[in-house]
Amino acid sequence: MMLAPVLNVQDLKVHYPVRNGFMNLGKKTFLKAVDGVSLRLFQGEVLGLVGESGCGKSSLGKALLRLQEPTAGGVEVCGADFLKLKGEALRRARPQIQMIFQDPYASLDPRMTVESTLKEPLQAHGLWNTTADMSTLKAVLDRVGLSGKALHRYPHEFSGGQRQRIAIARALVLKPKIIIADEPVSSLDVSVQAQVLNLLKEIQKEMNLSMIFISHNLAVVKYISDRISVMYLGKIVETASTADLYERAQHPYTQALISAVPIPNPRIERQRKRIKLQGELPSPINPPKGCAFHTRCPIAKEHCKLTFPELKPFEASPQWQVSCFEVK
Amino acid sequence: MALLEIKNLQAHFHTRKGIVKAVNDISYSINPGETLGIVGESGSGKSVSQLSYLGLLPSPPLRIPKGEVLYRGENILSMSSEKLRKLRGNRISMIFQEPMTSLNPYLTIGSQLIEPLVIHCGYSKKAAWKEACGALDRVGLPEAEKSMKVYPHEFSGGMRQRVMIAMALTTQPEILIADEPTTALDVTVQAQILDLLKAIQKETQMAILLITHDLGVIAGTADKVVVMYAGSVFEEGPVENIFEKSEHPYTRALLKSTPRIDLHQEKIPVIGGTIADLSQLKSGCPFYERCEYRKDICRLTFPSHREIDSAHRTFCHVESFK
């Protein structure tokens, strides 16, 4: 029997209205950042979300927390309809799902000490001095590899890697079930990136957290994820287990994306066959009809330009879904 | 004689908080048709080492206390500013990481492209326009005539970087300094831009100095590699040597700590600690605190170079990594 997912997303849409200029008043256009995404996240699982800039992966992440209100669709968090919640009920549900942002220089308030940064979410949820106290803060700091001395210091006194540890501590302090991590290591140098990645992986295993790990870096996503969804122009084009995706991706976009990631080994890198994509990501304001990828796809046929290929199971596997007519 | 040779270059910033030693006694050289990859993390001095001798950094605070940079045997550091200006943008061109910040948003692509031709090559505006159209064509921008008349914001990141490359190449430079040219781009576009640079190099025999933190990009494009850390060169050698038989603990650790798509990595070995503060550098090796092979001598003196073979040099006291 399959367990119920901790996060169940159905046909989620995030459309941003676009101003047209005064000549087109009355005619509304939308930038469809997320356009019908369904996904499920299970307890203790890491789902990687990859795609190039502008594919909607960050908008999706924000919509899951209602930092950006979705235009349509459903989000169930631990069985409860998260999008219907209001006021006090919403506030009580929020600790379950927390976020880690890309840039710890921007996501930490420079005028708050680490202590007040970590205390704030607890106070907002009425947990300070009831279920949490200073020892809670020290324990969570210790878990992310910082000493209790850090409590009285300000963000500027820390390096990028240490700041990201503080941001992780802030997300953990409410004991969430789900973490949305949006490019959490992208602003860090390679040597520090590995430290933070390992920390996230350890904590996730230890606390049996469910995590959505958003990144454009396919090597980083591979290291941390159990399953991976690939996004292109607001839609998921392929979802598969990490091993399947990197060994035999089915969607032509996934294949091209993986083949374009440089491998740090000159012998391998210079002999690899690369699937070359022509052109660049089309504008999400006016995406191509049919399959959005057909303008760059090396195997596109006439019907790809007309109808949109729904996500279908591949090899009758419940885990593996592909949105392409040419994949049988 | 090498096309460009950097000898014992130092670049320091004199700030109110003290002297930031951004580049400390580095030497390397590059020949025509060669791609030299300079790899390092932020603060390693990989960009500053280039910007400093080209006169692209404000001085003060920049000071170059020591060193020579020889372009065809002539020291760039002792050139008059007029002569340096003629060299820069003409014989030596640069492209930067974020093409939007290097292009002027108020000017059309065309007017920015013809500028170096008029200034450096003495073209008439009409001839420059024609030449610039050809340059856009060569970097794979469709409808060159039309592209000349648009503004930078109308282009995507990849197209802007193509414009930057076209601009850098109009004067047919002998050396192209590419500072993280693909870091702001998506991987599929990155592949296109790197292929383009390689194709142009094959045709013109221009030397490329590729500055990047991405070891994968280095592996695919560089002939020679210089590894920098905290303002010092740690290792220099042919690309295969650096990736397969590195003789420096930092290079080895950096390679191991990089996530890879072609391997299954259960746990990535990390380099502990953080990069040394450039204003607090002591006489020893700046990697000392983080090095797993460190010896007492490493704390006291920075190692002089040790030759592994004629092309491969390392700066490390440790001779065995068992």
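**Helices, sheets and contact in a predicted two-chain model**

Q: In this predicted model, how does the reach of helix 4 of chain B, from its first C-alpha to its last, stand against the span expected at 1.5 Å a residue?
A: Helix 4 of chain B runs over residues 109–121 and so has 13 residues, for which the rule, 1.5 Å times one less than the number of residues, gives an expected span of 18 Å. The reach in the model is close to that value, at 19 Å.

Q: Which elements are among those that cover the buried residues of helix 4 of chain B?
A: The residues in question are B:Ile109, B:Gln112, B:Leu113, B:Ile114, B:Pro116 and B:Leu117, each of which is buried. Just after this helix, B:Gly122 takes a positive phi of about 65°. The cover over the buried residues includes, from chain B, helix 5 (125–138), helix 6 (144–147) and helix 7 (157–169).

Q: Why can the buried residues of helix 5 of chain B be placed on the same side of the helix, and what arc do they cover?
A: Helix 5 of chain B has 14 residues and reaches 20 Å, close to the 20 Å expected for it. Its buried residues are B:Ala128, B:Ala132, B:Cys133, B:Ala135 and B:Leu136, whereas B:Lys126 and B:Gly134 are exposed on the other side. The buried residues lie on the same side of helix 5 of chain B because the arc that they cover around the axis is only 160°.

Q: Which residue with a positive phi follows helix 5 of chain B?
A: The buried residues of helix 5 of chain B have a cover that includes helix 4, helix 6 and helix 7 of the chain. After helix 5 comes a residue whose phi is positive, near 80°, and this residue is B:Gly140.

Q: Which strands are the edge strands of the eight-stranded open sheet of chain B?
A: The sheet has mixed pairing and the order 7-8-9-3-10-11-13-12. An edge strand pairs on one side only, and in chain B this applies to strand 7 (92–95) and strand 12 (306–307).

Q: Which residue in strand 11 of chain B is the bridge partner of B:Met228?
A: Strand 10 (residues 224–229) and strand 11 (residues 232–238) of chain B run antiparallel and are joined by six bridges. In strand 11, the partner of B:Met228 is B:Val233.

Q: Which residue in strand 9 of chain A stands opposite A:Val50?
A: Chain A has an open sheet of eight strands in the order 6-7-8-3-9-10-12-11, with mixed pairing, and its edge strands are strand 6 (97–100) and strand 11 (312–313). Within chain A, strand 3 (residues 46–50) and strand 9 (residues 227–232) pair in the parallel sense over four bridges. Opposite A:Val50 stands A:Val230.

Q: What radius of gyration does chain B have, beside the value for a compact globule of 322 residues?
A: The C-alpha trace of chain B spans about 65 × 50 × 40 Å along its principal axes, and buried residues make up 48% of the chain. A compact globule with 322 residues would have a radius of gyration near 20 Å, which agrees with that of chain B, 21 Å.

Q: Which helix gives the most residues to the side of chain A that touches chain B?
A: The contact takes 35 residues from chain A and 34 residues from chain B. On the side of chain A, the elements that give two or more residues are helix 7 (190–206), helix 8 (218–224), helix 10 (252–260) and helix 11 (266–271). By class, this side has 20 nonpolar, eight polar and seven charged residues. The element that gives the most, with seven residues, is helix 7 of chain A.

Note on methods. Residues numbered from 1 in each chain as written. Chains lettered and ligands numbered in written order. Predicted model: local features only at pLDDT ≥ 70, side-chain atom pairs only at ≥ 80, totals over all residues. Contact = placed C-beta atoms within 7 Å. Nonpolar A, V, L, I, M, F, W, Y, C, P; charged D, E, K, R; others polar. Buried ≥ 20, exposed ≤ 12 C-beta atoms within 10 Å, placed from the backbone. Pairing = 2+ DSSP bridges. Rg over C-alpha atoms; globule rule 2.2 N^0.38 Å. Arc of directions from axis to C-beta.
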